Amino acid sequence: MSVEDIIQTHGYNEDIANYLRKVYPLYVEEFKNEVIVYNALMKTPIVLCDNVYECLKEHGHLDDREDNEMVPLETLKVSSGVYDCSVKLSYNELSKEYTIVNEDRIVAINAYSLKLDSKKSTTSHELGHLIKALFNEHIIKGDTLIERSGLITRIYQLSHENGKVKKTLWSETGVGLEEGLNTVLEERIMSRLLEKGFESLGYQTMKGLALKVMNAYNIPDLWEIFKEAELYHDNSRIDSVLGNVFYELIEFADKLYPLNVELLNMNTSSERQDEVKKEMIELINAEYAPISEKLKSIGQGSIEM
Ligand SMILES: [Zn+2]
């Protein structure tokens with residue numbers, strides 16, 4: 001189990017190889033599980049390309065994708081990088097059961113090389129998504145498919161016709177908080193890689209929210225507790241520490257997230273940017289206060305223990 005196996009398996013050039021040699025031990029240290037980090041990178045090619053959308057298309061990742069997820073196809077066309085897993089399912093008429101046939105993963109980065117810090121940063125962000133997806137990424141329960149990537153949970157309704165399985169998105173939650181936490185991770189990895197502080201160009205609002213939750217309320221070990229849930233797709237420790245306020249936070253972050261996306265979009269006019277900022281402040285004032293109060297009381301409780 002070494003990073004050299006990964007480099008050799010994918011035939012990476014020195015550019016990607018040098019980057020991986022440096023970040024591999026950082027992810028292992030962060031997640032305290034080399035098997036997951038190793039398998040994630042072993043099973044997934046990192047592809048540098050001109051256009052992320054075209055790259056996914058070329059690798060057959062857009063064939064049966066529906067355009068109703070929080071990352072719409074239009075966003076992919078201007079995206080700096082993406083982690084994607086295309087899952088193939090089959091239906092057995094005799095046992096009346098769906099099964100997973102194959103999971104095909106890819107990290108596509110809009111770059112010619114990883115020489116620039118911004119490209120390293122995008123790659124580090126997407127590797128975070130990949131590592132936090134690998135363990136039990138897809139679970140079938142009856143005729144639903146549950147997909148997890150970190151705190152993101154997507155539930156699909158499955159149906160079949162003429163031997164072909166169709167999945168229809170039923171719900172998608174956790175994207176906002178996960179993007180915040182994943183941007184925190186990206187900056188932690190980059191700061192160690194560059195041996196100096198680093199600020200991502202990505203989801204700063206969501207990152208700010210994640211940092212506030214982790215730092216402002218004196219609730220111990222939240223970063224570790226979140227990471228455990230993100231990696232093993234098991235929220236039980238979060239549930240026991242935060243209870244229902246965690247789900248209120250998830251819901252709030254999912255409302256804030258599309259505004260953060262709009263703010264990041266280069267096509268958003270400066271007038272609209274001002275409007276978006278105003279909407280963000282209104283949303284925070286209206287909905288974050290009660291969550292903040294509950295987090296505060298949990299934090300106070302933990303100090304007294
Ligand atoms: Zn992301």
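# Notebook: strands, domains and a shared core

I began with a single residue and found that Trp-170 has its place in strand S7. I note at the outset that this is a predicted model, and I read every entry below with that in mind.

**Entry 1: the surroundings of Trp-170.** I asked myself whether Trp-170 is buried, exposed or partly exposed. I counted 13 other C-beta atoms within 10 Å of Trp-170; a residue is called buried at 20 or more and exposed at 12 or fewer, so Trp-170 is partly exposed. Leaving out residues up to four places away in sequence, I listed Ile-155, Tyr-156 and Gln-157 as the residues that Trp-170 touches. Ile-155 lies 15 residues from Trp-170 along the chain, and yet I find 5.4 Å between the C-alpha atoms of the two.

**Entry 2: the sheet that holds S7.** I then looked up the sheet around this strand, and found that 4 strands make an open sheet in the order S4-S5-S6-S7, with antiparallel pairing. Which strands stand at the edges? They are strand S4 (138-141) and strand S7 (164-173), and because each has a single partner strand, one side of each is left without a neighbour in the sheet. From one strand to the next, I note an average twist of 25°.

**Entry 3: walking across that sheet.** I went through the pairs in order, starting from S4, which pairs with strand S5 (residues 144-149) in the antiparallel sense over 4 bridges; here I wrote down Leu-145 in S5 as the bridge partner of Ile-140. Next, S5 is joined by 6 bridges to strand S6 (residues 152-161), again with the two running antiparallel, and in this pair Glu-147 stands opposite Arg-154 of S6. The hairpin of S5 and S6 has 2 residues between its strands, and I noted that Gly-150 has a positive phi near 60° there.

The last pair brought me back to the strand of my starting residue, since S6 and S7 run antiparallel and are joined by 9 bridges. Tyr-156, which I had already listed among the contacts of Trp-170, stands opposite Leu-169 in S7. This hairpin, of S6 and S7, also has 2 residues between the strands, and Asn-162 takes a positive phi near 50° in it.

**Entry 4: another sheet.** I turned to the open sheet of 3 strands, which has the order S1-S3-S2 and mixed pairing. Its edge strands are strand S1 (46-49) and S2, each of which pairs on one side only. Ignoring direction, I note that neighbouring strands of this sheet are turned by 30° against each other on average.

How many bridges join strand S2 (residues 81-92) to strand S3 (residues 97-110)? I found 12, with the two strands running antiparallel. Along this pair I marked two positions, with Gly-81 standing opposite Ile-109 of S3 and Leu-89 standing opposite Ile-100 of S3. The hairpin that S2 and S3 form has 4 residues between the strands, and in its turn Lys-96 has a positive phi of about 55°.

**Entry 5: two domains.** Stepping back to the whole chain, I found it divided into domain 1 (3-173) and domain 2 (177-304). The centres of domain 1 and domain 2, taken over C-alpha atoms, are 22 Å apart. To the contact between them, domain 1 brings 23 residues and domain 2 brings 24 residues. Looking at the side of domain 1 that touches domain 2, I found that helix H2 (14-31) and helix H6 (117-131) are the elements giving two or more residues to it. H6 gives the most to that side, with 8 residues. By class, I recorded 7 nonpolar, 10 polar and 6 charged residues on the side of domain 1 that touches domain 2.

**Entry 6: the largest nonpolar core.** Which of the 62 residues in the largest nonpolar core touch the most other members? I wrote down Val-37, Leu-56, Val-107, Ala-108, Leu-130, Ile-131 and Ala-253. Helix H11 (residues 245-264) gives the most to this core, with 8 residues, and the core draws at least three residues from each of domain 1 (3-173) and domain 2 (177-304). I followed up Ile-131, and, not counting residues up to four places away in sequence, found that Ile-131 touches Tyr-27, Phe-31, Ile-36, Val-37 and Ala-40. Val-37, one of those contacts, is also on my list of core residues that touch the most other members.

Conventions
Residues are numbered from 1 along each chain as its sequence is written. This is a predicted model: local features need pLDDT of at least 70, side-chain atom pairs count only at pLDDT 80 or more; totals for chains, interfaces and linings use all residues. Two strands pair if DSSP finds at least two bridges between them. Axes are lines fitted to C-alpha atoms, for helices over the stretch in contact, and angles run from 0 to 180 degrees between N-to-C directions. Two residues are in contact if their C-beta atoms, placed from the backbone, lie within 7 Å. Domain bounds come from an automatic or database domain assignment. Ala, Val, Leu, Ile, Met, Phe, Trp, Tyr, Cys and Pro count as nonpolar, Asp, Glu, Lys and Arg as charged, and the others, Gly among them, as polar. A nonpolar core is a set of buried Ala, Val, Leu, Ile, Met, Phe, Trp, Tyr and Cys residues joined through C-beta atoms within 7 Å.
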